[in-house]
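Biologist: Could you walk me through this fold with me asking and you answering? I would like to look at the model first.

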Amino acid sequence: SVEHGESRLLGFDTETTSPVRGGVFQTDEARIVGYSVSSVPFSATYIPDPTAHALSNTLNRPGVVPICHNAKFEWKILSKLGVELKDFEDTKLMAYILGEHSTGLKDLARQYLGVVPRTYGEVTKGRDMSDIPPEEMYEYACADADNTRRLYHVLLPRLQREGLKEVYRNIELPLVPVLARMEGLGVGLEVERCGTTA
């Protein structure tokens, strides 16, 4: 029911700082404080304070397929370090294509995996991720990587059954880096062509 060999699949999730300006999370200012990986179900590892070299070695080993939840965010965060996210999967995008009411990882984990994950608020308690010791972070971070990898095995067969796998694989997934670059560069407007409003 999956396209990649089990040993190649790597649940992947980053934990970042949470810069907010005007009540809006500023992705471009966020930095990675740690990341988690899961290569087998119900098991994961958290790596605090990673280097670009470590991240690249983790993600770009031959045959490794990173499974993200919101790959566009991961792509943008990693690209700031010069690390390319490629040959990835995206469970958030899968859920979106399937028409899920919520595409949040915690909601999907409850719905499909029958788990009750700790929430961001329960872990941070108002603190920034950079202020949280790794020993307080690891369980939360590891669950995200593990749940993402396990969700992949649930959602990909659903895409296949519902005739949506090609939409995911050939249309939506290739757009992830395109949209990430667009968001990073911004959009140019020819103001004179936009007209004016009273």
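What follows is a set of questions and answers about the sheet, its helices and a few single residues.

Modeller: Happy to, and please keep in mind that this is a predicted model, where local features need pLDDT of at least 70, side-chain atom pairs count only at pLDDT 80 or more, and totals for chains, interfaces and linings use all residues. Residues are numbered from 1 along each chain as its sequence is written, and side-chain values use heavy atoms, with hydrogens and water left out.

Biologist: Let's start with the sheet: in what order do its five strands lie?

Modeller: Strands here are DSSP runs of E with at least two residues, helices are runs of H or I with at least four, and both are numbered from the N terminus. Two strands pair if DSSP finds at least two bridges between them. The sheet is open and its pairing is mixed. Its edge strands, each pairing on one side only, are β5 and β7 (89–90). The order is β5-β4-β1-β6-β7.

Biologist: Do β1 and β4 run parallel or antiparallel, and how many bridges join them?

Modeller: One facing pair across these strands is Glu 15 with Gly 34 in β4. On β1's pairing with β6, the direction is parallel, with three bridges, and there Gly 11 stands opposite Ile 67. For β1 and β4, the direction is antiparallel and the number of bridges is six.

Biologist: And which residue in the turn between β4 and β5 has a positive phi?

Modeller: β4 and β5 (residues 43–48) are antiparallel, with five bridges. Ser 36 faces Tyr 46 of β5, and Tyr 35 has Ile 47 as its bridge partner there. The two strands form a hairpin with two residues between them, and the turn residue with a positive phi, about 65°, is Phe 42.

Biologist: How many residues of β1 are buried?

Modeller: Buried means under 20% relative accessible area, exposed means over 50%, and partly exposed lies in between (1.4 Å probe, protein chains only). In a regular strand, side chains alternate between the two faces of the sheet. On one side of β1, Leu 9, Gly 11, Asp 13 and Glu 15 are buried, and on the other so are Leu 10, Phe 12, Thr 14 and Thr 16. The count for β1 is eight of eight.

Biologist: Thr 16 caught my eye: what is its relative accessibility?

Modeller: Thr 16 belongs to strand β1. Its contacts (heavy atoms within 4.5 Å), not counting residues up to four places away in sequence, include Phe 25, Ile 32, Phe 73, Ile 77 and Met 129. Thr 16 counts as buried because its relative accessibility is 8%.

Biologist: How far apart, centre to centre, are the rings of Phe 12 and Tyr 35?

Modeller: Rings of Phe, Tyr and Trp (its six-membered ring) pair if their centres lie within 6.5 Å, and planes under 30 degrees apart count as stacked, over 60 as edge-to-face and the rest as tilted. By this rule there is one aromatic pair. Phe 12 and Tyr 35 make a tilted pair with 45° between the planes, and the centre-to-centre distance is 5.7 Å.

Biologist: Which strands does that pair link?

Modeller: Both Phe 12 and Tyr 35 are buried. They sit 23 residues apart, linking distant parts of the chain: β1 (residues 9–16) and β4 (residues 32–40).

Biologist: Now the helices: at what angle do α4 and α6 pack?

Modeller: Axes are lines fitted to C-alpha atoms, for helices over the stretch in contact, and angles run from 0 to 180 degrees between N-to-C directions. Among the residues that meet are Leu 105, Leu 108 and Tyr 112 in α4 and Tyr 140, Leu 151 and Val 154 in α6. The axes of α4 (residues 105–113) and α6 (residues 134–161) are 10 Å apart, and the angle is about 60°.

Biologist: Last one: is Lys 125 buried or exposed?

Modeller: Lys 125 is found in the loop between α5 (120–124) and α6. Its phi is positive, about 50°, although Lys 125 is not a glycine. With a relative accessible area of 65%, Lys 125 is exposed.
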